[in-house]
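Dear colleague,

Please find below the structure that I am handing over to you, followed by an account of what was found in it. I would be grateful if you could read the account alongside the coordinates.

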Amino acid sequence: MRSGILYQDVAAAMKKDILSDRYPVGSLVPTENELVEQYQVSKITVRKAEELLVEEGYLEKRSGIGTRVISNNLFNKLSKADSFTSILGKEGKDVTKRIIDITTMDATDLPFEHEEIRHRVTRVRRVYSLDGQPYILFTHYLLFTDQAEAFKALDTKSLYRLLRDLGAEVDTFKDSFEAVALTPLQQSLLDSDQQLAIQRVRKSFDRQNHLVEYSKAVYLTALEPYQINFEV
């Protein structure tokens with residue numbers, strides 16, 4: 001029996017093949033017709049599955065060449081976990097995202113301190129909506145000072161795919177969670193009068209253990225509990 005949305009089932013199966021090296025980095029995945037036959041689905045379903053894996057940074061499509069595996073080392077492999085938004089999608093929920101603003105900031109103006117943040121960073125604020133209702137407020141602090149324009153692509157690309165495109169391969173991350181009282185600004189951005197929320201702070205590092213991302217995400221868990229699904 002199939003679960004969730006069909007194209008996400010196909011994408012999940014293809015991702016397992018990438019992570020297990022059935023499709024090694026640099027190799028071409030089967031053709032569209034071969035995947036249609038393999039999974040007994042339509043061409044539209046195969047295309048949407050591949051588009052999802054392109055967005056997540058696993059595949060790259062090239063006209064006249066085919067669809068090539070470009071990475072098997074994004075954070076989902078490292079954590080053995082699905083991203084929360086992919087979990088929501090598999091449950092059939094509609095998740096949309098909107099950029100609020102993109103700003104370059106001095107380290108002295110940041111609302112936190114970190115030893116590796118000494119100069120300017122790019123701050124990106126985004127809202128994710130769940131079935132049309134604001135649900136998550138993301139505030140990303142990214143150690144790129146001359147790429148603010150590039151982050152406009154976050155309305156269609158995943159953050160980790162975009163970071164990879166900018167030359168920052170995320171190798172590890174550290175998450176911490178706590179219950180917080182929402183500020184009036186957060187309530188306004190989330191269009192909610194909810195008083196409490198769950199906050200996740202994420203620090204992402206490259207292979208040299210240099211900080212790449214410092215992000216805060218505030219979840220209105222009264223709408224939907226936060227989930228982590230681990231592969232064992």
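Ser192 is placed in the loop that runs between helix 7 (184-189) and strand 7. Please note that this is a predicted model. With a relative accessibility of 19%, Ser192 counts as buried, because the limit for that class is under 20%. A polar atom of the Ser192 side chain lies 2.9 Å from the backbone nitrogen of Gln194. When neighbours within four places in sequence are left aside, Ser192 is in contact with Gln187 and Leu220.

The sheet

Strand 7 belongs to an open sheet of six strands, whose order is 3-4-5-8-7-6 and whose pairing is antiparallel. The edges are formed by strand 3 (95-106) and strand 6 (172-181); each has a single partner strand, so one side of each is left without a neighbour in the sheet. On average, neighbouring strands of this sheet are turned by 15° against each other, direction ignored.

Strand 6 pairs with strand 7 (residues 196-205) in the antiparallel sense, over 10 bridges. Within this pairing, Phe177 stands opposite Arg200 of strand 7.

A separate pairing joins strand 1 (residues 59-62) and strand 2 (residues 66-69), again in the antiparallel sense, over four bridges. Here Leu59 stands opposite Val69 in strand 2. The hairpin of these two strands has three residues between them, and Gly64 takes a positive phi near 85° in it.

Salt bridges

The structure holds 12 salt bridges. Three of them are described here individually.

Arg202 and Asp175 form a salt bridge in which the closest N and O atoms are 2.8 Å apart. Since Arg202 lies in strand 7 and Asp175 in strand 6, the pair ties together parts that are 27 residues apart in sequence. Arg202 is buried, with a relative accessible area of 7%, whereas Asp175 counts as partly exposed at 31% relative accessibility. Elsewhere, Glu91, Lys93 and Glu224 are joined into one network by salt bridges that share partners.

Lys97 and Glu55 meet through their side chains in a salt bridge of 3.4 Å, N to O. This pair links distant parts of the chain, with Lys97 in strand 3 and Glu55 in helix 3 (residues 43-55), 42 residues apart. Lys97 has a relative accessible area of 25% and is partly exposed; Glu55, with 26%, is also partly exposed.

In the third case, Arg22 forms a salt bridge with Asp17, and the closest N and O atoms are 3.3 Å apart. Asp17 counts as buried, at 12% relative accessibility.

Aromatic pairs

How many aromatic pairs does the count come to? The count comes to eight aromatic pairs. One of the ring pairs is that of Phe138 and Tyr219, whose centres are 6.4 Å apart and whose planes stand at 75°, so the pair is edge-to-face. The assignment follows because planes over 60 degrees apart count as edge-to-face, given centres within 6.5 Å. Phe138 lies in strand 5 (residues 133-142) and Tyr219 in strand 8 (residues 211-219), so the pair ties together parts that are 81 residues apart in sequence. Both Phe138 and Tyr219 are buried.

Ring pairs also link a cluster that consists of Tyr128, Tyr135, Phe138, Phe177, Tyr219 and Tyr226. Phe177, a member of this cluster, is the residue that stands opposite Arg200 in strand 7.

The loop between strands 3 and 4

Glu116 is found in the loop between strand 3 and strand 4 (120-130). Is Glu116 buried or partly exposed? Glu116 is partly exposed, its relative accessible area being 26%. Although Glu116 and Leu211 are 95 residues apart along the chain, their C-alpha atoms are separated by 6.7 Å. Not counting residues up to four places away in sequence, Glu116 touches Leu143, Asn209, His210 and Leu211.

With kind regards

Terms used. Residues are numbered from 1 along each chain as its sequence is written. This is a predicted model: local features need pLDDT of at least 70, side-chain atom pairs count only at pLDDT 80 or more; totals for chains, interfaces and linings use all residues. Side-chain values use heavy atoms; hydrogens and water are left out. Two strands pair if DSSP finds at least two bridges between them. Axes are lines fitted to C-alpha atoms, for helices over the stretch in contact, and angles run from 0 to 180 degrees between N-to-C directions. A salt bridge is a side-chain nitrogen of Lys or Arg within 4 Å of a carboxyl oxygen of Asp or Glu. Buried means under 20% relative accessible area, exposed over 50%, partly exposed in between (1.4 Å probe, protein chains only). A polar contact is a pair of N or O atoms within 3.5 Å; within protein, one must be able to donate a hydrogen and the other to accept it, and residues adjacent in sequence count only if both atoms are side-chain atoms. Contact means heavy atoms within 4.5 Å. Rings of Phe, Tyr and Trp (its six-membered ring) pair if their centres lie within 6.5 Å; planes under 30 degrees apart count as stacked, over 60 as edge-to-face and the rest as tilted.
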